[in-house]
Amino acid sequence: GSRAQEVARAYKDTLEYRGLFYDGHACFGTLLADDRDTHGKLLEKVHDYLESQRGGWNKEVTQRVGVPLLEGITHYFDGDFSKAVATLAPIMGEVQTKIQGSRAQKDIFRQILLSAAIKSGAKADLTQAKQVTLSNL
């Protein structure tokens, strides 16, 4: 609704910042608002960052965890729920431990995984999501 539109607009001017908490929430917010233009720019900026000469912990975690997180959220909003589960489940433990923010702030990613598993209708997806989610509480 209108709140999602406000959030998506706020991200348009801050796409240069790289951080998993920020990137994950920007991805979710822009897709929730159906702002595919800003979402595409976000993905471009993440890939530009990964192709840059910069190094360090944030870049490594963005490559290993951040890209799959954004891809999984995108699969969810594209309606490819099984693919969202397959992408998010393997990284959910690291998402919960590597991203800054409170448990409540990071819980949105766990909720997306569980929702994808339910919406996929596949018992294997639900089993995998429940195992991963329960092991990361």
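**Thr-62 and the salt bridges of a helical chain**

Colleague: Thr-62 lies in helix H4. Is Thr-62 buried or exposed, and what is its relative accessible area?

Modeller: This is a predicted model, in which local features need pLDDT of at least 70 and side-chain atom pairs count only at pLDDT 80 or more, whereas totals for chains, interfaces and linings use all residues. Residues are numbered from 1 along each chain as its sequence is written, and side-chain values use heavy atoms, with hydrogens and water left out. Buried means under 20% relative accessible area, exposed over 50%, and partly exposed in between (1.4 Å probe, protein chains only). By that rule Thr-62 is buried, its relative accessible area being 1%.

Colleague: Leaving aside neighbours within four places in sequence, which residues is Thr-62 in contact with?

Modeller: A contact requires heavy atoms within 4.5 Å. With neighbours within four places in sequence set aside, the partners of Thr-62 are Leu-20, Val-46, Tyr-49, Leu-50 and Val-67.

Colleague: How many helices does the chain have?

Modeller: Helices (H or I, at least four residues) and strands (E, at least two) are DSSP runs, numbered from the N terminus. From the N terminus on, the elements run α-α-α-α-α-α-α-α. Strands number zero, and the count of helices is eight.

Colleague: In which helix is the confidence highest, and at what mean?

Modeller: Confidence is given as pLDDT, the predictor's value for each residue from 0 to 100. The chain has a mean of 88, with 96% of its residues at 70 or more. Confidence is lowest in H1, at a mean of 79, and highest in helix H5 (residues 81-88), at 97.

Colleague: What is the radius of gyration of the chain?

Modeller: The radius is taken over C-alpha atoms, and the globule rule is 2.2 Å times the number of residues to the power 0.38. For 137 residues, a compact globule would come out near 14 Å, and the chain agrees, having 14 Å.

Colleague: How many salt bridges does a search of the whole structure find?

Modeller: Side chains of opposite charge can pair when their charged atoms come close. Here a salt bridge is a side-chain nitrogen of Lys or Arg within 4 Å of a carboxyl oxygen of Asp or Glu. Searching the whole structure gives a total of five.

Colleague: Which residue forms a salt bridge with Glu-6?

Modeller: Glu-6 is partly exposed at 41% relative accessible area, whereas its partner counts as exposed at 58%. The two lie three residues apart in helix H1 (residues 2-12), about one turn of the helix. With the closest N and O atoms 3.8 Å apart, the partner is Arg-3.

Colleague: How far apart are the closest N and O atoms of Asp-37 and Lys-41?

Modeller: Asp-37 and Lys-41 are four residues apart in helix H3 (residues 36-51), so about one helical turn separates them. Asp-37 is partly exposed at 48% relative accessibility, and Lys-41 is also partly exposed, at 39%. In their salt bridge the closest N and O atoms are separated by 3.2 Å.

Colleague: How many residues apart in sequence are the parts tied together by Glu-94 and Arg-64?

Modeller: The side chains of Glu-94 and Arg-64 form a salt bridge, 2.8 Å from N to O. Because Glu-94 lies in helix H6 (residues 92-98) and Arg-64 in helix H4 (residues 57-77), the pair ties together parts whose separation in sequence is 30 residues.
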